[in-house]
Amino acid sequence: MLPIENYLFLSLALFIIGVIGVVTRRNVIVVLMSIELILNAVNINLVAFSRLYGDVAGQVFALFIIADAAAEAAVGLGIIIAFFPEPRNGAGGRNGFVEVVA
Amino acid sequence: MTPTGYFLDHLWLIPLFPLATAALMLFFGRRLPNAGVSVLCVGSVGLSFVYAAGAVFQLLAADPEHRVAQQIMFEWLTPGSMQMTGGHAIRFVADWGFLLDPLSCVMVLVVTGVGFLIHVYSVGYMGHEGGYYRFFGYMNLFMFAMLTLVLANNMLLMFVGWEGVGLCSYLLIGFYFLKKSASDAGKKAFIVNRIGDAGFILGILLTAVTLGTIRFTSQGLPDASGATGILQSLKAAVDAQTLGYGSSVLTGIALLLFVGAMGKSAQIPLYVWLPDAMEGPTPVSALIHAATMVTAGVYMVVRMNAIYQLSPIAMDVVAIVGAATAIFAASMALVQTDIKKVLAYSTISQLGYMFLALGVGAFAAGIFHLMTHAFFKALLFLGAGSVIHAMSGEQDIRKMGGLDKKIKYTYYTMLIATLAIAGIFPFAGFFSKDEILGRAFDRFFLLWVVGFITAGLTAFYMFRMLFLTFFGYCRADEHVEKHIHESPWPMTVPLMILAGFSIVGGWIGWPEVIGGENRFEKFLDPVLKGVLPETGEVNIVHHAVLKELLLMGASLTIAAAGIFLAYQLYCSKRIVPELVAQKVPKLYQLLFHKYYVDEIYDAAIVERTKDLGTLLGRFDANVIDGVGVNGAGWLARFGSTLSMWWDKWIIDGLLNFSAKLMQLFSYPVRLLQTGVFSSYAMLILVGLVILLAYYGHHMQVLLRGAR
């Protein structure tokens, strides 16, 4: 196993990228993807520490998070479908933008 | 030994009888028939006369030194002990008590006797008038007040009577109150009287403070200890040399009391009410303004003669005012055309004579003249009433004449009265007037001259009145002339009785010079002694016989001259009065308009008082109402305006300010509400970072610890 810092830096980098994505991006699907990134960064962190201390609890928690992330993505997509109906013109397709378009 | 007897013990009944009937008239008078009113009211005065006569009779039983009967009903005002100026304390008390001594004997007999005759007369005179019971009620009330006045044993009770007669005078002068001139005259009488009363009150107070008592004398009281009188107190002060002849305090008292007498007895300058008082019914003029009320001033001065005798200045003032009034009024009587006005001025003039007598020290002569004047003046007024009654209400003597054959009783009685007032021997007026002039001659020659001239004027104008009223041909309107008739017996009988007294009334004071005893003067002597040992002699001074006879002759001569002149002008018409008037138009106008005194008083005093009233009214409207009331309102409104300003600007301002402050704070917060999801997410992140930074230290500990 590599020194723990490597895994932590990786996890941190992914986390920061995810956060920047949530905060900055306009497209709501991209925000969802960023949220996924955040969750997975946390997973990496958990598994690394689990490997370090030989405690399996970390890995179990990571499994929970994967399941929860999946459910959350499903729900999030459902909300987006509800909140961003098909555009009237028919052109452009369904583009979820964070700005609320009345 | 002090005199006693039933009547003396019941002195208090004398004023009470008329008071009771007056009260009856007040409550039940309207329901009584005229006959009932007559019997009651005249009867009560008659009873008073009987009791008065009885009391006098019983008093005469005592020897001259002890002819004083005093009776105190109850103690009226007892303010407690008083500190005198000398330092010692005295117990001042004003009681409700009655005094009968020679002086009040004369007064009470005159008042009840003449009053009774006038009441009988009024039954006939007022028989057809409305308000019959009211008239007699007031007359009886007057009798009560007058009797209280003359029988009072102290100054305060006398003052009660004094005010009472003033009130009744007002009520009776204004008896025909629906007539404006009558009600005005009543007011004038009361107000002018009141001015005099102010002086009287001050005099009473000064006496109380100086002598410690206002009771006239303590003689005749059952217990001599603790009781004191003015006479005794004065004597003690003179003996102790604290007061004496010419003391300024005594002069002050005398002058203040004289101011009261000036108002009541119509002397200059307070005489103006008496001529106007003729608006009242004629019996009122006879009773009040001839025989009784106006003489109250004279009575009061004689009552206080002990004080006056110690003050030569006051005596001189009294004499001068009296003499001036006498001649002044007589001059105005010369040109009067109303029969009652002539008599009114004549009354003022004769009252002046009385005060002249008092002022020269002839107190007995003054009272003597008071008595004889009561007889013939009442007779004159009642006779005038009879004439007016015969002439169906006409009072202007220019419109009379030729009555001597038609109303014989009236004519003959008035002739007797006119002779009496002119001072013709042996009628009543001669004796009293002669005595006054005799004393005046001894004292001040100038005063005698004034009195002498006035006697001539009196004879002149009285006979002028007589001639114009009764002689010649009748100058009245036709329908008046047709109704001329003699008066009924209730009117003529009193006339005859009074005429009898006008003849013999003077004989009680028949002077010694021509063979009499002058019993009147001797009767009054004990009262007039005063406190100085030698002043007792002032009253009975023996003149040289020749001088007295000469003076008598002079009086008769001037009276005869006056009568002769009147005869020439108004009877035989040798001299025509109108031409005389034309020769001295200014003088005539001056006399006719009564020296414009009423006009002067009106402009100087009455109008100025009204101006003061107006001024005060304006003060009240502008200052009291304007500043006070309206100002208070303005102040309240101003307060509320301030309050409103405070509320609007400060209270509301505070609220608005805080709201604005909130609004100010809301700007940054509002910026956070973007509606953009990503900014919310950013906020969460920022918050998280801050949290981590804040609790970083703790995190480090946590992390290090885990390792």
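**Exercise 1. Find which residues touch the most other members of the largest nonpolar core, then look at what surrounds one of them.**

Start with the ground rules. A nonpolar core here is a set of buried Ala, Val, Leu, Ile, Met, Phe, Trp, Tyr and Cys residues joined through C-beta atoms within 7 Å. Buried means that 20 or more other C-beta atoms lie within 10 Å of the residue's own; 12 or fewer makes it exposed, anything in between partly exposed, and C-beta atoms are placed from the backbone.

Now the core. It has 221 residues, and the ones touching the most other members are B:Phe142, B:Leu356 and B:Ala378. Helix α16(B) gives this core its largest share, 18 residues. Apart from it sits another core, of six residues, including A:Val19, A:Val28, A:Leu32 and B:Ala681.

Next, zoom in on B:Leu356. Skip its neighbours within four places in sequence, and its contacts are B:Ala319, B:Gly322, B:Ala323, B:Ala326, B:Ile436, B:Ala440, B:Leu447 and B:Gly451. Contact means that two C-beta atoms, placed from the backbone, lie within 7 Å.

A word on the source: this is a predicted model, where local features need pLDDT of at least 70 and side-chain atom pairs count only at pLDDT 80 or more, while totals for chains, interfaces and linings use all residues. Residues are numbered from 1 along each chain as its sequence is written, with chains lettered from A and ligands numbered from 1 in the order in which they are written.

**Exercise 2. Work out how α11 of chain B is covered, and how α11(B) packs with α15(B).**

First, the naming: helices (H or I, at least four residues) and strands (E, at least two) are DSSP runs, numbered from the N terminus.

Take α11(B), residues 282–291: 10 of its 10 residues are buried. Their packing partners in chain B are α4 (102–125), α5 (132–151), α6 (155–173), α10 (273–276), α15 (339–359) and α16 (363–390).

Then pick out α15(B). The two helices pack at about 5°, with axes 11 Å apart; axes are lines fitted to C-alpha atoms, for helices over the stretch in contact, and angles run from 0 to 180 degrees between N-to-C directions. So α11(B) is roughly parallel to α15(B), a label for angles under 35 degrees (over 145 is roughly antiparallel, 65 to 115 roughly perpendicular, the rest oblique).

Who makes the contact? On the α11(B) side, B:Thr282, B:Ser285, B:His289 and B:Ala290; on the α15(B) side, B:Lys340, B:Ala344 and B:Thr347. These split into two nonpolar, four polar and one charged. For that count, Ala, Val, Leu, Ile, Met, Phe, Trp, Tyr, Cys and Pro are nonpolar, Asp, Glu, Lys and Arg charged, and the others, Gly among them, polar.

**Exercise 3. Track down the backbone oddities at B:Ala266, B:Pro269, B:Pro426 and B:Tyr595.**

Begin in the loop between α9 and α10 of chain B, home of B:Ala266. Phi of B:Ala266 is near 55°, positive although the residue isn't glycine. B:Ala266 is buried, with 31 other C-beta atoms within 10 Å. B:Pro269 is in that loop too, and a cis peptide bond with omega about 0° joins B:Ile268 to B:Pro269.

Move on to the loop between α17 (408–422) and α18 (428–443), where B:Pro426 lies. The bond from B:Phe425 to B:Pro426 is cis, with omega near -5°.

Finish at B:Tyr595, between α26 (585–592) and α27 (597–672). Phi there is also positive, near 55°, but B:Tyr595 is partly exposed, with 13 other C-beta atoms within 10 Å.
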